[in-house]
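Subject: Handover of a structure and its findings

Dear colleague,

I am handing over the structure shown below, together with an account of what was found in it. Please read the account with the structure open beside it.

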Amino acid sequence: MARQIYADNSATTQVAERAVAAMARSLREDYGNPSALYDRGTRAKKSVEDARKDVARALGAWSSEIYFTSGGTESDNWALRAAAMAKKGQGRHLIATAVEHRAVIETLRQLESEGFEVTLLAPDREGSVAPEALEKAIRPDTVLISAMLANNVVGTILPVKKLAAVARARKILFHADAVQAVGRVPIDVRDLGVDLLSLSAHKFHGPKGVGALYAKAPFNPPPLIRGGGQERGARSGTENVPGIVGLRESLLEALETMEETARRLALYAERIVEGIARIPGSYLTGSPSRRLPGHLSFVFDGIFHGALLINALNERGISASSGAACSAASKEGSHVLAAMGYSEKASLCALRLSLSRYNAEEDASEIVVAVAACVAELRRKKSFAY
Ligand code: PLP
């Protein structure tokens, strides 16, 4: 079998050994309920609180501003709903970018059906949104603005600090979906000036099904999930102790290795971009400069559907995706590329390559050779090309 290359790290990542070891220890030893009063319970509670401190420190927040959740989707749902509910007395207008993840878009759609009004800001051709465009969309009744730090399809990093400053000047709550950015680029919530921020462990070599929401004090997000009153009454449910332990370890390791990883991935990305640019009818999508380290996205003329390219690459041992993982099998093109002005035809044949610190130097050249061969092969098979 050919050497396997995993290049779909924006969908999910390989779990770091350090996280696996800490989780295994937690599963075996700290299985007590964190709410229990005996040692096995208080030890589990301490693991959760230690993790909260480290996550807070990693983001430049206070521990009391961090709430553990089941992942990015829950954090996004909760942030938007909490802000909308808390502020609905002041207004019912919500703003987000049109390139947000569906966890944001679908929650906004739901809020719309409950009487809120939603404005989605059109991005530019690179998938970014300028502060001026946000200024124009703000109304006296705007109570929440949501913008992602980095886009999950094209990897473009949005000017969240500037967007949040626009919101702050008008005392409007600002949520940042940082699911793709945490662990990959430095983040400081105070410097960014955001009120709410979502993250998810499985995007930075942690386990799936665990994430966190940062909510700037004194805003106490009203609960989305009710029950036994865990997480200071804000998010009920027995804590996912091993998951939270894994999140902590993977985040600490991601931060320790971030600089070196970013430097290495910039080199690999440059090689891939140069190599793929030599394929006629290939186009890099997203910002050429302001993008997540190691995250590349392309569209190709003459390929009917990105899934064909993904399957062909899979046969050569390369795992990649065509836009967002959750819409991998979709017959519709990415809403992100469509919002960026790409035609339906173009957005159907996207290729997303996202690398991590586990990729090796030779992966870059092997990816280029494989993509070139697969594109040429698919274009030859006329039935698969348009
Ligand atoms: N937001 C963004 C930008 C994402 O990329 C993802 C995952 O793909 C999510 C939210 C959802 O996170 P999770 O998979 O942890 O629910």
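Helices and strands are DSSP runs, with at least four residues for a helix and at least two for a strand, and they are numbered from the N terminus. With that in mind, P218 can be placed in the loop between strand β8 (211–215) and helix α8 (241–277). Please also keep in mind that this is a predicted model.

**The chain as a whole**

The protein chain contains 12 helices and 12 strands. Its radius of gyration is 21 Å, close to the 21 Å that the globule rule gives for 386 residues, so the chain is as compact as a globular protein of that length. The C-alpha trace spans about 65 × 55 × 35 Å along its principal axes.

Of the 386 residues in the chain, 57% are buried. The protein chain exposes about 16,300 Å², and carbon and sulfur atoms supply 54% of that area. Among contacts in the chain with a separation of 6 or more, 74% are between residues 24 or more positions apart.

**The ligand and its surroundings**

Which residues come nearest to the ligand? There are 13 residues around it, and G72, T73, D177, S200 and K203 come nearest. The shell around the ligand divides into 2 nonpolar, 8 polar and 3 charged residues. Helix α3 (residues 72–87) gives the most to this shell, with 3 residues.

Three polar approaches to the ligand may be examined in turn:

- For G72, a backbone N or O atom lies 2.8 Å from an oxygen atom of the ligand.
- For S200, an N or O atom in the side chain is 2.6 Å from an oxygen atom of the ligand.
- For H202, a polar side-chain atom lies 2.9 Å from an oxygen atom of the ligand.

On its own, the ligand has 390 Å² of accessible area, and the protein covers 86% of it.

V179 connects with this part of the account. Leaving aside residues up to four places away in sequence, V179 touches G72, S198, L199, S200 and K203. Of these, G72, S200 and K203 are also among the residues that come nearest to the ligand. V179 lies in the loop between β6 (173–177) and α7 (189–192). Its relative accessible area is 10%; since buried means under 20%, V179 is buried. V179 and R380 are 201 residues apart in sequence, and their C-alpha atoms are 39 Å apart in space.

**The loop between β8 and α8**

This loop, in which P218 was placed above, has several backbone features. The peptide bond from A217 to P218 is cis, with omega near 10 degrees.

E231 is also found in the loop between β8 and α8. Its phi is near 50 degrees, a positive value in a residue other than glycine. R232 lies in the loop between β8 and α8 as well, and phi of R232 is near 55 degrees, again positive in a residue other than glycine.

Are E231 and R232 buried or partly exposed? E231 is buried, with a relative accessible area of 6%, whereas R232 is partly exposed, with a relative accessible area of 46%.

**Two serines in other loops**

S128 lies in the loop between β4 (117–121) and α5 (131–137). At 14% relative accessibility, S128 counts as buried. Apart from residues up to four places away in sequence, S128 touches P123, T156, I157, L158 and P159.

S343 lies in the loop between α10 (335–339) and α11 (344–348). With a relative accessible area of 40%, S343 is partly exposed. Where does the side chain of S343 reach? The side chain of S343 reaches the backbone nitrogen of A346, at 3.0 Å. The C-alpha atoms of S343 and V194 are separated by 33 Å, and the two residues are 149 residues apart along the chain.

**Where to begin**

I suggest starting with the ligand and the residues that come nearest to it, namely G72, T73, D177, S200 and K203. The cis peptide bond from A217 to P218 could then be inspected, followed by the positive phi values of E231 and R232.

With kind regards

Technical notes: Residues numbered from 1 in each chain as written. Predicted model: local features only at pLDDT ≥ 70, side-chain atom pairs only at ≥ 80, totals over all residues. Heavy atoms only, no water. Near = heavy atom within 4 Å. Polar contact = N/O pair within 3.5 Å; in protein donor to acceptor, adjacent residues only side chain to side chain. Areas by Shrake-Rupley, 256 points an atom, 1.4 Å probe, with all protein chains shown as cover. Nonpolar A, V, L, I, M, F, W, Y, C, P; charged D, E, K, R; others polar. Rg over C-alpha atoms; globule rule 2.2 N^0.38 Å. Buried < 20%, exposed > 50% of the residue type's maximum accessible area, 1.4 Å probe, protein only. Contact = heavy atoms within 4.5 Å.
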